[in-house]
Amino acid sequence: DANATIPYTTGNPTTIYVKSATTGVNSVTVLAKNAMNDCTFADTFNIQITAAKPEVDLGGDKVLCVDIGASITLDAQNIGSSYIWNNNSTDQTLTIFQSGTYSVKVTNAYGCWDADTVTYQIKDNPVSTLFRDTMVCENAPVKLNPGNGGMQYFWNTGATQREISVSYPGDFIVQITGANGCVISDTATVIHNGKLPQYTAIRAK
């Protein structure tokens, strides 16, 4: 802080650590007190803070479900500083694709530095192959199947099997849970367009 009180025991204090929230000239008052006779000594001096220490915050540890092949970008911020990640990358940002622990040290132009570490557990989302839209004749049955990328399926119709058959229009939503606990949802829209042809018999000519 701008004013520091240094308790005196024996000997002479030779080093004081002062925290300052602002750059520039800071006035510091040091008060030393002799515990034996209560004699005190005070002195004031100025210190020059040339630059603030960089602040690095990669966020907290995370468990994330992502689509297969998706990436996550870590940003050490503090533009204009130098960077060194634990994989020896020297960029401000680091793109990751897999689980692991990632750390970075950031040093500004004045030699002040800070560091941070974060751990990511990255899990793949299940994959759905459900078609988006289909147009059929009225009352024509349509099979909806999102593929075998999940362990559990739950449709907005209440069905819990992987494949369902519907004969009416609407949006059909399925929630898919993978073996690793990741969950996605997908939607297929069934549109009716015209009636099925009607006939009562086949005539031969």
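Is cysteine 182 buried or exposed, and what is its relative accessible area? I opened my notebook with that one, and the answer is clear: cysteine 182 is buried, with a relative accessible area of 0%. I keep in mind throughout that this is a predicted model.

**Confidence**

I looked up the pLDDT next. The average over the chain is 85, and 79% of the residues reach at least 70. Residues 1–10 are another matter, since pLDDT stays under 50 there. I still found 22 contacts beyond four places in sequence for that stretch in the model. A note to myself: where pLDDT is low, the predicted coordinates should not be read in detail.

**Overall build**

How many helices and strands does the chain have? I get zero helices and 15 strands. The chain has 205 residues, of which 28% count as buried. I also checked how contacts spread along the sequence: taking those between residues at least 6 apart, 48% join residues at least 24 apart. For the surface, I have about 13,900 Å² exposed by the chain, with carbon and sulfur atoms supplying 50% of it.

**The disulfide**

Back to the cysteines. My search of the whole structure turned up one disulfide. Cysteine 65 and cysteine 182 form it, with an S to S distance of 2.1 Å. The pair ties together distant parts of the chain, as its two cysteines are 117 residues apart. Cysteine 65 sits in strand S4 (residues 62–66), while cysteine 182 lies in the loop between strand S14 (170–177) and strand S15 (183–192). I then asked about the handedness of the link: it is left-handed, with -80° about the S-S bond.

The two partners fall into separate burial classes. Cysteine 65 has 37% relative accessibility, so I log it as partly exposed, whereas cysteine 182 is buried at 0%.

**Two further cysteines**

I looked up cysteine 112 and cysteine 137 as well. Cysteine 112 is partly exposed because its relative accessibility is 23%, and buried would need a value under 20%. Cysteine 137 comes out at 28%, so it counts as partly exposed too.

**Serine 89**

Where is serine 89 placed? I find it in the loop between strand S6 (82–85) and strand S7 (93–96). Its relative accessibility is 17%, and therefore it counts as buried, given that the cut-off is under 20%. Which residues does serine 89 touch, leaving out those up to four places away in sequence? My list reads Tyr83, Ile84 and Leu94.

Definitions and conventions: Residues are numbered from 1 along each chain as its sequence is written. This is a predicted model: local features need pLDDT of at least 70, side-chain atom pairs count only at pLDDT 80 or more; totals for chains, interfaces and linings use all residues. Side-chain values use heavy atoms; hydrogens and water are left out. pLDDT is the predictor's confidence in each residue, from 0 to 100. Contact means heavy atoms within 4.5 Å. Helices (H or I, at least four residues) and strands (E, at least two) are DSSP runs, numbered from the N terminus. Buried means under 20% relative accessible area, exposed over 50%, partly exposed in between (1.4 Å probe, protein chains only). A disulfide is a pair of cysteine sulfur atoms within 2.5 Å. Accessible areas come from the Shrake-Rupley method with a 1.4 Å probe; for residues, only the protein chains shown count as cover.
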